[in-house]
Every structure is written in C-alpha cells, then in structure tokens.
Amino acid sequence: MKTKNNIAYIPIILQWALNAALVVLAIILVILLGKETIYIFGFINDGEHLTKLDLLEALLIYFLYFEFIALIIKYFEAHYHFPLRYFVYIGITAMIRLIIVDHESPSDTLIYSGAILVLVVTLYIANSKLLKRES
C-alpha cells in the first residue's frame, strides 16, 4: 500500500517540473522578445543597413515569440492544457516566415503554401463545434 502512495506523487512532481520549465522558458522568450523589439526599432532608426525583407523577417520572428508566450499563458489559464489552435497559429506563422525567407524554389514555395492550406483546414476543424471544448 505504501508504494501506491509514493506513485501518486510522481504526476505532481512532473507537473511541477513542467510548470517550472515553462516559467523559465517564458522568461527567456520575454527577454528575446525585448531584444527583437530593440532590433526592429534599430531598423526603423537606421534603415540603410537592412532591407525591408529583413524587417519583415524580424516582425514575423517577433510574432512567433509573441505566440509562444501567449501559448504558455493559455496553458496556465486552461489549467495545464495546451490548446491545439495555438500550435496551428504558430505553424502558420512559421510557414509564412519560411516562404518569405526562402522563396528561391517555386516548388518549395508551392509545398509550403500547401502546408499552410492544411494548417488552415486544421484550424477550421479545430474551431468547429465537433472539437470545441465546453468552457
């Protein structure tokens, strides 16, 4: 009977470790978001050294940091549950960034666009009444 009580603490310990790791990750992401903000404002003040493509890439990276921080916030608000749609939002943003940064091959761009279409369909299905969780 004693081992059953000891095993019951394992999920609690793992949940605590996961929460602590996510808090550390959130702090790191906030720091990187701040650095990206400084980089973007540096671009605006000194636009001669960077291209508009560099600014667009920096903005998309900024949104990725923002989305990951929002995902961590939602995790705690939803009582330790990651909503699927936030991962899909992050995937769509990442694919758009990839198209903007690496658009040399038309076939790759078409494949990336198809991946975005699949993610948008996934988002539609995830937001439908079939998969929506009751609050």
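Is alanine 26 buried or exposed?

**Exercise 1. Classify alanine 26 and place it in the chain.**

Solution. The model is predicted: local features need pLDDT of at least 70, side-chain atom pairs count only at pLDDT 80 or more, and totals for chains, interfaces and linings use all residues. Residues are numbered from 1 along each chain as its sequence is written, and side-chain values use heavy atoms, with hydrogens and water left out.

Step 1. Take the cut-offs: buried means under 20% relative accessible area, exposed over 50%, and partly exposed in between (1.4 Å probe, protein chains only).
Step 2. Alanine 26 has a relative accessibility of 18%, so it counts as buried.
Step 3. Alanine 26 belongs to helix H1, residues 2-45. Helices (H or I, at least four residues) and strands (E, at least two) are DSSP runs, numbered from the N terminus.
Step 4. Phenylalanine 68 is 42 residues from alanine 26 along the chain, and their C-alpha atoms are separated by 8.1 Å.

**Exercise 2. Describe the surroundings of isoleucine 40.**

Solution.
Step 1. Isoleucine 40 also lies in helix H1.
Step 2. With a relative accessible area of 10%, isoleucine 40 is buried.
Step 3. Leaving aside neighbours within four places in sequence, isoleucine 40 is in contact (heavy atoms within 4.5 Å) with Leu55, Ala58, Leu59 and Tyr62.
Step 4. For alanine 58, the C-alpha to C-alpha distance to isoleucine 40 is 6.7 Å, at a sequence separation of 18 residues.

**Exercise 3. Work out how H3 packs against H2 and against H4.**

Solution. Two packed helices are described by the angle between their axes and the distance between the axes. Axes are lines fitted to C-alpha atoms, for helices over the stretch in contact, and angles run from 0 to 180 degrees between N-to-C directions.

Step 1. The axes of H2 (residues 52-77) and H3 come within 10 Å and cross at roughly 170°.
Step 2. Angles under 35 degrees count as roughly parallel, over 145 as roughly antiparallel, 65 to 115 as roughly perpendicular and the rest as oblique. H2 and H3 are therefore roughly antiparallel.
Step 3. The H2 and H3 crossing is left-handed, a term used if the near helix is turned anticlockwise from the far one by less than a right angle; clockwise would be right-handed.
Step 4. Residues of H2 including Leu53, Glu57, Phe68 and Lys74 meet residues of H3, among them Tyr86, Thr93, Arg97 and Val101.
Step 5. For H3 (residues 84-101) and H4, the axes come within 9 Å and cross at roughly 160°. H3 is therefore roughly antiparallel to H4.
Step 6. The crossing of H3 and H4 is left-handed. Among the residues making this contact are Leu84, Arg85 and Ile99 of H3 and Thr109, Tyr112 and Ala126 of H4.

**Exercise 4. Locate serine 128 and find what its side chain reaches.**

Solution.
Step 1. Serine 128 sits in the segment after helix H4 (106-126).
Step 2. Serine 128 is buried, with a relative accessible area of 18%.
Step 3. The serine 128 side chain reaches the backbone oxygen of isoleucine 125 at 2.6 Å.

**Exercise 5. Summarise the whole chain.**

Solution.
Step 1. The chain has four helices and zero strands, running α-α-α-α from the N terminus on.
Step 2. Of the 135 residues in the chain, 25% are buried.
Step 3. Among contacts between residues at least 6 apart in sequence, 59% join residues at least 24 apart.

Note on methods. Polar contact = N/O pair within 3.5 Å; in protein donor to acceptor, adjacent residues only side chain to side chain.
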